[in-house]
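Visitor: I should like to learn how to read a protein structure, beginning with its annotated regions and then turning to its sheets and helices. May we go through one together?

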Amino acid sequence: MITGTTKLLGVIGAPVGHSLSPVIQNAALHDAGLDYVYAALPVRADALPSAVYGLRDAGIAGFNVTIPFKTEIIPLLDDLSEDARRIHAVNTVVIADGGMVGHNTDVVGFLAGFAEREIALAGKKAVLIGAGGAARAALWGLLRSNVSSVVIGVRNVAKGAALATDFAADGDVRAYHFDDSAFAAALRFADIVVQTTPMGMTPHTEEMPPVDMAALNPSAVVYDLIYTPAETRFLREARARGCETINGETMLAAQGAEAFRLWTGIRPDMELMKQTLRTALQCS
């Protein structure tokens, strides 16, 4: 029951009607017995400052941030967590005592995919496919976990080189075109391969990155951040090579669970959030 004391949470974006966060977060809030409600809050692309300050002044407890505001919101906030600062993107805002702190829970979510399988990352050789926003979170998560090296495979070499430069102080990071022999060599020796592009996402399920799967190390763990479909063509072909595979379901649920913890101080039931996600996807 929503009352005069119910605390409000939400997600802002443009558009935001497709978001599954309200379904997942409200299920977790109900399960935890918390007097909160979570809503999708569409914000016009030209109205971000007034919307953010209005939410703060209205006493909202916090909110998620999605496209196109993850970077644009940063100047409006009072502080950033280390992950948000390093990735230069915010997906969760906590409001307390009139101040707004930006966090990025994608890193925690990303690493949860490995933790769930009890896969250690320290000292491993990693290959990262793509150089967009999701790649920044995955790259920082890998480096934070002390992998020995990361090779980034890209179509746009300048974009890949810029990403590698941004994180050069944090580890051995190099970027190559997909056709470069150095990238093929990295695939042959990779312990971890992470696919961060939207290629293969529903409805374009037959698409995949231009990667020579014959060069893929059969003993590598292959992680695709996509969760619709549950098994992309990229993961299907990697599994056929003998690789252990991980999809993006745990990442999505875990990043939401971390946001929940930041807002409420309570760790939600992750399995409930994952099951709610699966049900919502089946109904969509």
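**Reading the regions, sheets and helices**

Guide: We may start from the record. UniProt lists residues 248–278 under "domain: SDH C-terminal", in an unreviewed entry. Please keep in mind that the model before us is predicted.

Visitor: How much of residues 248–278 is helix, and how much is strand?

Guide: Over this stretch the chain is 81% helix and 0% strand, and its end C-alpha atoms are 12 Å apart. Helix α9 occupies residues 249–264.

Visitor: How does one check the length of such a helix?

Guide: One takes a rise of 1.5 Å a residue, so the 16 residues of α9 should span 22 Å; the end C-alpha atoms lie 23 Å apart, which agrees.

Visitor: How many residues of α9 are buried, and what follows the helix?

Guide: A residue counts as buried when its relative accessible area is under 20%. In α9, 13 of the 16 residues are buried, so that the helix is mostly covered. After α9 comes G265, with a positive phi near 80°.

Visitor: Let us turn to sheets. What is the strand order of the sheet with mixed pairing?

Guide: To read a sheet, one lists its strands in the order in which they lie side by side. Here an open sheet of six strands has the order β2-β1-β3-β5-β6-β4, with mixed pairing. Its edge strands, β2 (36–42) and β4 (79–80), each pair on one side only.

Visitor: How many bridges join β1 and β2?

Guide: Strand β1 (residues 7–13) pairs with β2 over seven bridges, in the parallel sense. One can locate the pairing by residue: the bridge partner of L9 is Y38 in β2. Helix α9 packs on this sheet, where it touches β1, β2, β3, β5 (92–96) and β6 (99–103), and its direction makes about 5° with that of β5. Helix α1 (residues 21–32) lies across β1, β2 and β3 (62–65), and runs at about 170° to β2.

Visitor: What is the order of the sheet with parallel pairing?

Guide: That open sheet of six strands has the order β9-β8-β7-β10-β11-β12. Its edge strands are β9 and β12 (244–246), each of which pairs on one side only. Neighbouring strands of this sheet are turned by 20° against each other on average, direction ignored.

Visitor: Which strands does β8 join by bridges?

Guide: Strand β7 (residues 125–129) and β8 run parallel and are joined by five bridges; A126 stands opposite V150 in β8. On the other pairing, five bridges join β8 to the parallel strand β9 (residues 173–177), with V150 opposite V173 in β9.

Visitor: Why is β8 described as largely enclosed?

Guide: Six of the six residues of β8 (residues 149–154) are buried, so the rest of the structure largely encloses the strand. S149, V151 and G153 point one way, while V150, I152 and V154 point the other way.

Visitor: How does the chain pass between these strands?

Guide: One follows the chain from strand to helix to strand. β7, helix α5 (residues 133–144) and β8 make a right-handed β-α-β unit, and β8, helix α6 (residues 157–166) and β9 make a right-handed β-α-β unit as well. Helix α5 lies across β7, β8, β9 and β10 (192–195), running at about 175° to β7. Helix α8 (residues 233–240) also packs on the sheet, where it touches β7, β10, β11 and β12.

Conventions:
Residues are numbered from 1 along each chain as its sequence is written. This is a predicted model: local features need pLDDT of at least 70, side-chain atom pairs count only at pLDDT 80 or more; totals for chains, interfaces and linings use all residues. Side-chain values use heavy atoms; hydrogens and water are left out. Helices (H or I, at least four residues) and strands (E, at least two) are DSSP runs, numbered from the N terminus. The expected span of a helix is 1.5 Å times one less than its number of residues. Buried means under 20% relative accessible area, exposed over 50%, partly exposed in between (1.4 Å probe, protein chains only). Two strands pair if DSSP finds at least two bridges between them. A crossover is right-handed if, with the strands pointing away from the viewer, the path from the first strand over the helix to the second runs clockwise. Contact means heavy atoms within 4.5 Å. Axes are lines fitted to C-alpha atoms, for helices over the stretch in contact, and angles run from 0 to 180 degrees between N-to-C directions. UniProt positions are given in the numbering used here, feature names are shortened, and annotations may be inferred rather than shown by experiment.
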